[in-house]
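Welcome! Let us take a friendly walk through a protein model, one piece at a time. Keep the picture at hand as you read.

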Amino acid sequence: MEKRKVDLCIVGGSAAGMSAAIVARMKGVRDVLILEKMGKTGGTALMTAGIMAYDSPTQKRQGLYYDVDQVFRDYVTVQNWNCDAKLLRKWLLGTGKSIEFLESIGMHYDLAVTETADPGKFRNSRHIPAKLVDGKWEPVHQGPLLMSIMLKACKEMGVEILCRARAEHLIKNEDGRVVGVTASTGDGALTVNSDAVILATGSISCNRELVRELYGVEQYGNDDFLIAASFPWNTGDGYYMAREAGADKGRASAYFMGPHNHFSGYSEIHTCLVRRGHGMDVNRNGERFCDESLMTESEYGWMKGTALDNQPGRVCYTIFDEDFMRLLEAGGEYKICGLVPAYIDVPMDLPGAYKEDGFDAKNWRKSIRHHIDHDAAGGRARICNTIGEIADYIACEEDALQRTIDNYNSFCARKYDAEFLKNPNFLYPVKTAPYYVLRGDACIDTAIGGVAIDNYQRVVDEEGKHIPGLYAAGVMCSGWTNGQYVVNCSAMSYTIYSGRTAGEEAAAVIGKG
């Protein structure tokens, strides 16, 4: 058995763990070791598209101002104060400093944009790296760029990273202080003694048994319920280690990102159409259940996902007609992505998504019918000539569906949605056959939480007392959001903030800060 002694041991080599390592070194911690169970660093952060922040250098460069106090009031109200409000407050006040930190190590965020069709109306703010192409801003995939920059910073600062080293248990001394980690490597067992340990192992998304336990929802544990971050490294190792060391069980939360069609081999144009709100959405009973434009018009667009999560079978169907199809193909005023002004009008390019030969994302409108035909062949869409055919596909009563359509068309005619007050700009009647029916399923982007912490990122026991020497960072932590995700890119925002904070707090305890 190999034995090592370091000042700080960090479990997990993704954004939270590397942020903690870099900051700890900045604060003077001499020997920092990251244990990463996979063959390389990066983890789920490689997939991220942006980071939420306020009072940031990017916003200042753009002349944007957000009232962080008002943001806090909004966020804590949305969560019904069912969170660690001190932690939430510290995180929001620290988001701008997270951008400063990232830019100090070589990252650069060109744009801060909203998640909605009105950039001046809402307070959420996604920061993205971008490039100018023919006078238009096009996003640069943040994940690989950021992870390469963080890895470079770790190497330059002397942080040791040991890959294929799976941490298994925490070591506690007679006083109950965490003083190290045991791990397994390709060369055998490893014991690391350290003055402090930071757990940064990511979400539990790939551990369906643990997901079922923490959420208490049987369906979330099923393999056919999509959790986007079900990557092989997201198995909840840090959760089990913390619980074994006496940590309290934290509440699980999620980013409800439905409706979606994020299945391998299916079209992402489909997903964009069921999210953007121009169609009429019904559940399995043929009834509307929410304002379809939530994802484009609301600063809390994920609420469409929570509404869908409460529908029978957690499924909905988006219906639009031939007139709207022709509008889509012609261009019209339709925006398939509400991120303005930064993002060009294209669907997401997810790995495994269907694309016909020669597909041009910038001219996606020419491919709409082809993609719907493709998904219809797979059972996730249907082109219908009558209302009865729609009802047969949905398996609802035709009379009920006809009443829903008649009511909806009357709202479109009056430009007033008496049911859910949908923005009139998104009201398009369902009148002209053929009708296009797209299935949308419930989905969780990532499972959040499980490990209880305080607002210093210290892991706490069932009495709320911190376990000496033990910290946690990233989406494995509970408290910063409980039940509601708040806004897009919050997870990456909290990941960087919590990594920075854990690194600072551990450094202070080690005595090098």
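## Starting with a covered strand

Let us begin at strand 12, which spans residues 249-256. Of its 8 residues, 6 are buried, so this strand is mostly covered. Please keep in mind that everything described here comes from a predicted model.

Strand 12 has a partner: it pairs with strand 17 (residues 444-451) in the antiparallel sense, over 5 bridges. To find the pairing in the picture, look for Ala254, which stands opposite Ala447 in strand 17.

## Strand 14 and its two partners

How many of the residues of strand 14 are buried? The count is 7 of 7. In a regular strand, side chains alternate between the two faces of the sheet. In strand 14, Val315, Tyr317, Ile319 and Asp321 are on one side, while Cys316, Thr318 and Phe320 are on the other. Both of these faces are covered, as the residues on each side are all buried.

Strand 14 pairs with strand 13 in the antiparallel sense over 3 bridges, and here Met280 stands opposite Ile319. Strand 14 also runs antiparallel to strand 16 (residues 435-441), to which 7 bridges join it. In that pairing, Val315 stands opposite Asp441.

## Helix 14: one side in, one side out

Helix 14 covers residues 398-414. Does its length make sense as a helix, and what should its 17 residues span? At 1.5 Å a residue the expected span is 24 Å, and the end C-alpha atoms are 24 Å apart, which agrees.

Now look at which residues hide. Ala400, Leu401, Thr404, Ile405, Tyr408, Asn409, Phe411 and Cys412 are buried. They cover an arc of only 165° around the axis, which means that they lie on the same side of helix 14. On the other side, Asp399, Arg403, Ala413 and Arg414 are exposed. The buried residues pack against strand 13 (280-282), strand 14 (315-321) and helix 13 (387-394). Just after the helix comes Lys415, with a positive phi of about 60°.

## Helix 12: another one-faced helix

Helix 12 (residues 368-377) has four names to remember: its buried residues are Ile368, His371, Ile372 and Asp375. Seen down the axis, these fall within an arc of 100°, so they line one face of helix 12.

What do the buried residues of helix 12 pack against? Their neighbours are helix 8 (268-275), strand 14, helix 11 (322-330), strand 15 (381-384) and strand 16. After helix 12 comes Gly379, whose phi is positive, near 90°.

## A small sheet with open edges

Elsewhere, 3 strands form an open sheet in the order 3-5-4, with antiparallel pairing. Strand 3 (51-52) and strand 4 (111-113) stand at the edges; each has a single partner strand, so one side of each is left without a neighbour in the sheet. Strand 3 and strand 5 (residues 126-128) are joined over 2 bridges, and Met52 stands opposite Arg126 in this pairing.

## Where nonpolar residues gather

In soluble globular proteins, nonpolar side chains tend to be buried together. The largest nonpolar core in this model has 80 residues, and those with the most contacts inside it are Leu35, Tyr75, Leu92, Leu199 and Trp480. Helix 3 (residues 68-78) gives this core its largest share, 6 residues.

Which residues does Leu92 touch, leaving aside neighbours within four places in sequence? Leu92 is in contact with Met52, Tyr54, Val68, Val71, Phe72 and Tyr75. Apart from this core lies another, of 40 residues, among them Ile105, Leu146, Met147 and Ile510.

## Cysteines without a bond

How many disulfides does a search of the whole structure find? The search finds 0. A disulfide needs two cysteine sulfur atoms within 2.5 Å. The sulfur of Cys163 has its closest cysteine sulfur in Cys154, 11 Å away, which is too far for a bond. Cys384 tells a similar story: the closest cysteine sulfur, in Cys396, is 11 Å from its own, too far for a bond.

Are these two cysteines buried or partly exposed? Cys163 is partly exposed, at 27% relative accessibility, whereas Cys384 is buried, with a relative accessible area of 0%.

Definitions and conventions: Residues numbered from 1 in each chain as written. Predicted model: local features only at pLDDT ≥ 70, side-chain atom pairs only at ≥ 80, totals over all residues. Heavy atoms only, no water. Buried < 20%, exposed > 50% of the residue type's maximum accessible area, 1.4 Å probe, protein only. Expected span 1.5 Å × (residues − 1). Arc of directions from axis to C-beta. Contact = heavy atoms within 4.5 Å. Pairing = 2+ DSSP bridges. Core = buried A, V, L, I, M, F, W, Y, C linked by side-chain atoms within 4.5 Å.
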